[in-house]
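This report describes selected features of the structure shown below. It treats the arrangement of domains in one chain, a sheet in that chain, and a strand in another chain.

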Amino acid sequence: MSSYIYMKILESQPRRYDRGIEMLSTGAAERAKHKLVRENVRPGDRVLEIGCGTGSMSVMAALAGARVQGFDVSAGMLEVAREKVADERLDGRIELFEMGITGMDRLPDAHFDVVMSTLVFSELSPDEQAYALAAAHRVLRPGGRLALADEARPTRPLYRLLHGCIRLVLLAITFALTQTTTRAVRGLDAAVARAGFHIDKQERSALESFLYLVASKVPDEDAAAGCDASAQSGRAGRGTEDKEERR
Amino acid sequence: MNRILDWLIARLFRWLPRSAPTGLFRIGNPNADSPVIVTGNFALTVKRVRDGLGECNAWLLVAHSGGINVWCAADGGLFTHNHVIDAIKVSRLADHVKHRRILLPPLAASGVELEPIHEQTGFHPHFGPVYARDIPAYLEARGKKTEAMRRFRFDLAHRLDMLPAMNFPIYLLAAVPLAIFWPQYLLGYSLLFWGAALVMYLFVEWIPGKTGWSQALFCAVLLALAWAGFDAWRSGDMLAHGGWLLANVGVFMAVGFDLAGIVSARRSDPERLLDSVGVKSLGSLFSEKNLGLITLDAERCNGCRACFDLCPVGVWDDLGPDKKARFRDRDACFACSACVRQCGEGALTLT
């Protein structure tokens, strides 16, 4: 396909990404980002954002007092992110890199307090998810937290049907206007547990279409017990809402 | 039934992304010496690459491109070296092959840089032929490209391929409201629309006019005259179908607005129009940087021939006597920025 117009429209797509996500998730993405930062990021934390896109959550984290490193594969998205960072005068607090998930190989071990990500894991294949989660586990300090929010398939059939209908309409309109799409993530809790994390919290939004997940890297001393625990929580998985462990 | 539906959706809704699974796939019975072909994860692209490879034994590495075709995705920043690097590392390609050579689609040249791929994975990336069906011959010739392998073919087959893909969404714009409010006009509109689209796409090479819109206008006026003449002869009232005459102009203009872009990757008319009246950007849709003309700084050119090799529309000639790049058909440039991106010396700009 070589439609010139389509090409040029895609080129400028990052400028419409935020609006697209807002429409498609009917605000859930924005709410999830705020919640994720509010509940997990504390002043002075070292935070890594996987797939920071246009940088809205990195900016929130920096405003909450964290030192943030964010990366994304798309140079266009990062251009928008850099503008946001400059607008908020956060230049010293946010570092942005253009790279994919395997770029995490270059980050130091046990360095971050929080690794966070929204609407990224749903875009990744199971192999890529496993790669990213293993890397996240490595770069987190013991006790550090992984906080993810993503679009999910509702578990109850009625909700699934309802969500499917709404989504189909939203998808068409949103793509026409902003060339933005998302997809639902599946089995993320199990993948997180397989990477050695302990799942602390797992919640769904009102229509069950948005998943919010917090997990922690079990400190070394009880690593053996931790493996066991994470495997168990992985099996118990969906629906269990353990109290989030506070430091 | 499902396959027919699938085929229809693939044709009619080609503007919408359709993802194929990413990762490393076996084509035939590849071994550690078999070639590695990289592509994006647009479902139709993956299918065509598989078909094109035919009986070859090869590894197919499908990287993320947002479910969009390689060309548009690369130009739109959705298919970059970062995506290729991720695909290589996540699939552990290095464990599957002994050699360190990968073949990239040249239409991705506007988004994929070679240097970072080599630096971060150790693999040597090469841009192969434009069409996957040429890959077997390319491999057979040990990586020598013919002129035809370098160019995108804007031929009849391409146009017929694009006809439903490009026009169905435009068709829907009027068809949906008509179907709801004025169903009596739907059949007439459908015939007019697809008739116009078929004529434009089949005969674009012979219809007078330099741009899609001028060609469309020529056809519309011709049809309007014939129609009005027929009405005058039959009923004495030239404007017996006045509304349809107007609709005819509208339909042709709708079909023609991106015709130049689709059939020959020239700039589309609306953009030309905006450009000529001094509008340099349209909100976030177009920005000034999209509107450049390709410029060569011969001082900097080191004669690497990347531009000649990668331009899908043949803007560049092979090196001149001074061993520098030179234009063959500068006007053919449609600012895809493939050569600009691949020029290691920064000798090319879109200004």
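In this predicted model, the centres of domain 1 and domain 3 of chain B, taken over C-alpha atoms, are separated by 24 Å. These belong to a division of chain B into domain 1 (2-150), domain 2 (156-264) and domain 3 (288-350). Contact between domain 1 and domain 3 of chain B involves nine residues of the former and eight residues of the latter. On the side of domain 1 of chain B that touches domain 3 of chain B, five residues are nonpolar, one is polar and three are charged.

**The open sheet of chain B**

Chain B contains an open sheet of five strands, with the order 1-3-2-4-5 and mixed pairing. Strand 1 (23-27) and strand 5 (124-127) of chain B each have a single partner strand, so these two edge strands are each left with one side that has no neighbour in the sheet. On average, and with direction ignored, neighbouring strands of this sheet are turned by 30° against each other.

Within this order, strand 2 (residues 36-39) of chain B pairs with strand 4 (residues 101-104) of chain B in the parallel sense, over two bridges. Val36(B) stands opposite Ile102(B) of strand 4 of chain B. Helix 2 (residues 43-53) of chain B lies across strand 1, strand 2 and strand 3 (58-62) of chain B. The helix runs at about 155° to strand 2 of chain B.

**Strand 7 of chain A**

Strand 7 (residues 210-217) of chain A is mostly covered, with eight of its eight residues buried. In a regular strand, side chains alternate between the two faces of the sheet. For strand 7 of chain A, one side carries Phe210(A), Tyr212(A), Val214(A) and Ser216(A), while Leu211(A), Leu213(A), Ala215(A) and Lys217(A) lie on the other. The residues on both sides are all buried, and both faces are thus covered.

Strand 7 of chain A is joined by bridges to strand 5 of chain A and to strand 6 of chain A. The table sets out these two pairings.

| Strand joined to strand 7 of chain A | Direction | Bridges | Partner of Ser216(A) |
|---|---|---|---|
| Strand 5 (residues 140-151) of chain A | antiparallel | seven bridges | Arg145(A) |
| Strand 6 (residues 197-204) of chain A | antiparallel | seven bridges | His198(A) |

Ser216(A) is accordingly the bridge partner of Arg145(A) and also of His198(A). Ser216(A) is itself one of the buried residues of strand 7 of chain A.

Methods
Residues numbered from 1 in each chain as written. Chains lettered and ligands numbered in written order. Predicted model: local features only at pLDDT ≥ 70, side-chain atom pairs only at ≥ 80, totals over all residues. Buried ≥ 20, exposed ≤ 12 C-beta atoms within 10 Å, placed from the backbone. Helix = DSSP H or I, 4+ residues; strand = E, 2+ residues; numbered from the N terminus. Pairing = 2+ DSSP bridges. Domains from an automatic or database assignment. Contact = placed C-beta atoms within 7 Å. Nonpolar A, V, L, I, M, F, W, Y, C, P; charged D, E, K, R; others polar. Axes fitted to C-alpha atoms, helices over the stretch in contact; angles between N-to-C directions.
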